[in-house]
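Biologist: Please take a close look at one part of this model, the packing of a single helix against its neighbours and the core. Keep to geometry and contacts.

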Amino acid sequence: MTLRREDHTDADRTAPTAPADDAGLRITVVDREFPVDDPATGELDLEDRQALRRVAGFSTQLTDITEVEYRRLQLERVVLVGVWTGGSIADAENSLLELKLLSETAGAEVLEGLIQRRSRPDQATYIGRGKVEELREEVIATGADTVICDGELSPAQLRNLEERVKVKVIDRTALILDIFAQHAKSREGKAQVELAQLSYFLPRLRGWGGNLSRQAGGRAGGASGGVGVRGPGETKIELDRRRIRTRMAKLRRDIEGMKTGRSTKRQRRRRNAVPSVAIAGYTNAGKSSLLNRLTGAGVLVEDALFATLDPTTRRATAPDGRLFTLTDTVGFVRHLPHQLVEAFRSTLEEVAEADLVVHVVDGAHADPAGQISAVREVLAEAGAGDLPEIVAINKADLADPIELARLQTLVPRSVVVSARTGAGVPELLEMIGAALPHPEVEVSALVPYARGDLVAKVHEHGEVIEVEHTADGTRLRARVDPGLAATLNGFATA
């Protein structure tokens, strides 16, 4: 229920039906309940994200497509185009299906998907001159206002396609950047996305007509120009590029400064000898759901690509009682734009600095093996390719049991789980506990009952081998870190 506060006049205060308090205020009960934040789905974040949605068909498109502002992508009715250069037709269809999911996550309505078989994309128009005319006819027939290509287009390909198709054309990279811009919430995440966007748009900067070719002449520095400023001057596009580079330099400095706080937290965990586990995997594989299942973190969960971008770290307990941290990281995807990898390098350091990686795989996906390869490629690029890895094959409640068994056979050190139902989660925790780094020093100590805090620390941060309660205190044999071992030296036994 919601309590609503209302002010009233003196006449209202004397009314028998208006119970009043000392301040002359009446409390009215409204039949509406506050939303409860569900720790399994992050209900409050999900409600906030769904509060504003794009509505298809309410867009006024410009006739001259050169006037499109690319930094504000407003995708509505789209046609998808892909080039099949190798592999099977199933691989090409899966790639276009993933592009469809990306488009829908960005807020678009997908009307049609087209695939062309070529040995390599056309250097001028990506799909070839003849296919461009067919694409134009498809755009007119469906009433689409945007074409999305399943690849990264060069500036020339982008310009040539728009001139022939007469609608806005974007590529896979711009689409992913748009999704990241929508979903970034933290200050660091927003800065990383802006840096990636500027890196992408800098070589593609252009205007309409002669706008960006306007030039400041020899007298641009004042009435007489002055020494050193005479000459052709600086064009508008050169000025804009210089401003973008200046902004990019500032963003890099800001992101570097934000890394300090993250590094401080990691150093504090190392001093306390708390192992760290990073959850990595393909986007929409269920990483946030698994984090919620293991720790009750309450992170937003949505059936969409790149639903969560900001890393979340929570404390968890292994079956043997040891504490460790679980960090949910940004999801990966095939052909992840290199601009994003560079911009999110500080975030990916959470994976590189971890002691163990839990690689979450969507067991219900059509090509889970392809997802595993794509994730491992990005992990290697981030410097985490040699870390110990446990593969958690998620969504066991939706996947085919035969496919799960085949995938387990192909992937060593794997476990089948369901973050939704909790099946397989105890087995996963057992594997994590066994794979965590073991403390270095073995100690034997007789700890008085008055120092129960030391016994608790041994259970939390160490590995207890043997424990016995005697008349004089608690006799322990355990493996602990050097700092805790030094503290227990005063109670050491032979």
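Modeller: What follows describes helix 6 and its surroundings. This is a predicted model, with local features requiring pLDDT of at least 70 and side-chain atom pairs pLDDT 80 or more, while totals for chains, interfaces and linings use all residues. Residues are numbered from 1 along each chain, and side-chain values use heavy atoms, without hydrogens and water.

Helices here are DSSP runs (H or I, at least four residues), numbered from the N terminus. Helix 6 (residues 172-183) packs with helix 7 at an angle of about 155 degrees, their axes 10 Å apart; axes are lines fitted to C-alpha atoms over the stretch in contact, and angles run from 0 to 180 degrees between N-to-C directions. Helix 6 is therefore roughly antiparallel to helix 7 (over 145 degrees). In this contact (heavy atoms within 4.5 Å), Thr173, Ala174, Leu177, Phe180 and Ala181 of helix 6 meet Val193, Ala196, Gln197 and Tyr200 of helix 7. Seven of these residues are nonpolar, two polar and none charged.

On helix 3 (residues 89-106), the angle with helix 6 is about 35 degrees and the axes are 9 Å apart. Residues including Glu98, Leu99 and Leu102 of helix 3 meet residues of helix 6, among them Arg172, Leu175 and Asp178. That contact has six nonpolar, five polar and three charged residues.

Phe180 also touches Phe306, Leu309, Val330, Leu340 and Phe344, among others. In the largest nonpolar core, of 80 residues, Phe180 is one of five that touch the most other members; such a core joins buried nonpolar residues through side-chain atoms within 4.5 Å, buried meaning under 20% relative accessible area with a 1.4 Å probe, protein chains only. Helix 7 (residues 187-201) gives the most to this core, with seven residues.

Conventions:
Buried < 20%, exposed > 50% of the residue type's maximum accessible area, 1.4 Å probe, protein only. Helix = DSSP H or I, 4+ residues; strand = E, 2+ residues; numbered from the N terminus. Parallel < 35°, antiparallel > 145°, perpendicular 65-115°, else oblique. Nonpolar A, V, L, I, M, F, W, Y, C, P; charged D, E, K, R; others polar. Lists of a residue's contacts leave out its neighbours within four places in sequence.
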